[in-house]
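Me: Please take a close look at one part of this structure, and then set that part in the context of the whole. I should like a single connected account that I can follow alongside the model.

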Amino acid sequence: MSFELRDRDLMGRIGRLKTRRGVVETPAFMPVVNPVKQSIPPRRMLEEFGCEIVITNSYIIMKNFGDEPGLDVHRLIDYDGVVMTDSGAYQLLVYGEVETNPEEIIRFQQGIGSDIAVILDIPTGWDEPRERVEYTVQETLRRAREALPLIEGDDTLWVGPVQGGAHLDLVERSAREIGAMPFQVHALGSPTEVMENYQFSVLVDMIMAAKLNLPPDRPLHLFGAGHPMMFSLAVALGCDLFDSAAYALYAKAGRYMTPLGTLKLKDLSHLPCGCPVCSGTSAQELKESIKGERERLLAEHNLWVTMAEMRRVKQAITEGTLWDLVEARSRAHPAMASGLKRLQSYRKEIEERSPGYKGRGVFIFSHDSTARPEVTRHVRRLRGSHSPSESGKALLLARAPSWRPFSKSDEFQGLKEALDESLGEAVDRLQISFFSAPYGVVPLELTETYPLSQTEIADPLDWETMELTAELTVSYVEESGFQEVLLLVGEGDLDYTVRERFEEFGEETEKGIHILSAEGPWKKETRGRIVAALKRVLEV
Ligand SMILES: [Zn+2]
């Protein structure tokens, strides 16, 4: 196996991609190196910036240096790390045609010693009619099939590209079929325009359509993705490799990258970065430096922040805080926030593929956070935990006390003592659970376990989080075997929302739904009323 997984968080992973040149730790960003002219020498990229892998274009190399005998890509660009070569498909996308054929470009990449190489696929592009998109998918698959005998047994890692653009059914088909062929790496084509147009919700759909249909043990490369702002989102969805020339192209246009978006150098009064470039100069000096120098310094800064963000993403995977990073980055731009919202519709798929316990606190900032796998997992497990013994029991469903774990709070302990004293043996026929945002129902027995005891939520709750909590709470009771339920609510907004839903539910169901509303549900004065209500419910 050329790809080995070391750690995971959400669908993101830290892996080791073994190439014949050496091992690359993923997720990894590879700067695009122009074989003819470089703004930062590739040797410096490796030694100073820590770029273990770069990508260059075999088609441009063939056009410019193809006649040189014994041509070696590492020597040509003076770089000792891992070199991936693209095939010319990008030039095809931009210029409409290339003067090579699939077999020639495969042989050429083998000849120059590419460590990772791409077949000559047909990029889908953007805004193309469906027939054209279908053609790009079919033709790429046909070429992939024809490439197999040429690359069999090769020590280069070969990339099988996935096409289909925003036509998700075609992306799925493309991924399924190419995933069945023996490629070592896959790549998702044509997201560049989607990213340039800031359509991050479309990007989420495209990545998921590809990811869910490819073999999970192969790395996925996102072609042309190089803005640090979107690394955490794409990694969270399972992308492992990224490449882009943005660091240099943006520099040419006087644009200064940050993990929270792009700024124009001319608008900067301060440099909000601690990289070697920004530590050694001021915004004023940078603006006033001569054009070539300014462009070089900007390219270096852009590459520094790009590499730093990738390290931040890896650290987040290791410590289990990738979701928090995705949420933080979603504040960079409303379109990024749309991407995060789109992620909600994949909460089930993400939960199924996320590792379990990492022991980190679960932070709920807003409704967006409720798509976290910890929440989805709790709800799923609770659903599967209903037992036949419930039907003989009554349920006390109480607004969660303010203190975590709920079971250890003074408020709850006081009530517990009162119940033990007054209900006698009937207390065994009582299940106590809490309702709490965003999980819905939390049985007493689970309050001290992860993630319930380690969840922090921002108050006051937003409307959607309250609706979700009420929905989860009602559907739990509906699916459970409990025939008699006493709902204990206070007077907060969440209490009102839950109460309203239970009033509606009580009219539709055969179950006995009793509601006890108190100004202070956990106050000492309320205990007598709770005990009395429970005595009626349990017929004591
Ligand atoms: Zn900087």
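Reply: Leaving aside its neighbours within four places in sequence, T526 is in contact with A518, G520 and P521. This description rests on a predicted model. T526 sits in helix α22, which runs over residues 524-538. With a relative accessible area of 7%, T526 falls under the 20% limit and therefore counts as buried.

The segment that follows α22 contains E539. The relative accessibility of E539 is 73%, over the 50% limit, so this residue is exposed. The backbone of E539 is also notable: its phi is near 55 degrees, a positive value in a residue other than glycine. Most residues other than glycine have a negative phi. The two residues thus give opposite readings of exposure: T526 is buried, whereas E539 is exposed.

To set this part in context, the overall organisation comes next. The protein has 22 helices and 20 strands. Its C-alpha atoms fill a box of roughly 95 × 55 × 40 Å along the principal axes. Of its 540 residues, 56% count as buried. Among contacts between residues at least 6 apart in sequence, 73% join residues at least 24 apart.

The domain assignment divides the protein into domain 1 (16-343) and domain 2 (362-538). Their contact involves 6 residues from domain 1 and 8 residues from domain 2. The C-alpha centres of the two domains lie 48 Å apart. About 650 Å² is buried between domain 1 and domain 2, and carbon and sulfur atoms give 47% of that area. On the domain 1 side, W323, D324 and E327 lose the most area to domain 2, together accounting for 67% of what that side buries.

Another buried helical residue is L472, which is found in helix α20 (residues 463-479). Its relative accessibility is 13%, so L472 counts as buried. Not counting residues up to four places away in sequence, L472 touches V379, P438, Y439 and G440. L472 and A437 are 35 residues apart in sequence, and their C-alpha atoms are 9.6 Å apart in space. The loop between β18 (455-457) and α20 holds P460. The peptide bond from D459 to P460 is cis, with omega near -10 degrees.

A second cis peptide bond can be described alongside that one: T26 and P27 are joined with omega of about 0 degrees. P27 lies in the loop between β3 (22-26) and β4 (28-33). Most peptide bonds are trans. The loop between β1 (3-9) and β2 (12-19) contains L10. Phi of L10 is near 50 degrees, a positive value in a residue other than glycine. L10 has a relative accessibility of 4% and so counts as buried. Like E539, then, L10 has a positive phi, but L10 is buried and E539 is exposed.

Two further helices can be compared with their expected spans. Helix α6 (residues 130-151) has 22 residues and reaches 31 Å from its first C-alpha to its last, close to the 32 Å expected at 1.5 Å a residue. The buried residues of α6 include V133, V137, L141, A144, L148 and I151, with E139 and R143 also among them. Elements covering the buried residues of α6 include α5 (102-111), β8 (157-162) and α7 (168-179). After α6 comes G153, with a positive phi near 75 degrees.

Helix α9 (residues 200-211) has 12 residues and spans 16 Å between its first and last C-alpha, close to the 16 Å expected. Because 10 of the 12 residues of α9 are buried, this helix is largely enclosed by the rest of the structure. Among the buried residues of α9 are F200, L203, M206, I207 and M208, as well as D205 and K211.

The model also includes a zinc ion. The protein donors of this ion are C273 (SG), C275 (SG), C278 (SG) and H301 (ND1), lying 2.0 to 2.3 Å from it. Along the chain, these donors follow the spacing C-x1-C-x2-C-x22-H. Angles of 100 to 119 degrees among the 4 donor atoms make the site tetrahedral. One of the donors, C278, has a relative accessibility of 7% and therefore counts as buried.

Technical notes:
Residues numbered from 1 in each chain as written. Predicted model: local features only at pLDDT ≥ 70, side-chain atom pairs only at ≥ 80, totals over all residues. Heavy atoms only, no water. Helix = DSSP H or I, 4+ residues; strand = E, 2+ residues; numbered from the N terminus. Expected span 1.5 Å × (residues − 1). Buried < 20%, exposed > 50% of the residue type's maximum accessible area, 1.4 Å probe, protein only. Contact = heavy atoms within 4.5 Å. Donors = N, O, S within 2.8 Å, 3.2 Å for Na, K, Ca; no water. Tetrahedral: all angles 85-135°; square planar, octahedral: opposite > 155°, others 65-115°. Domains from an automatic or database assignment. Buried area = accessible area lost by both parts, 1.4 Å probe.
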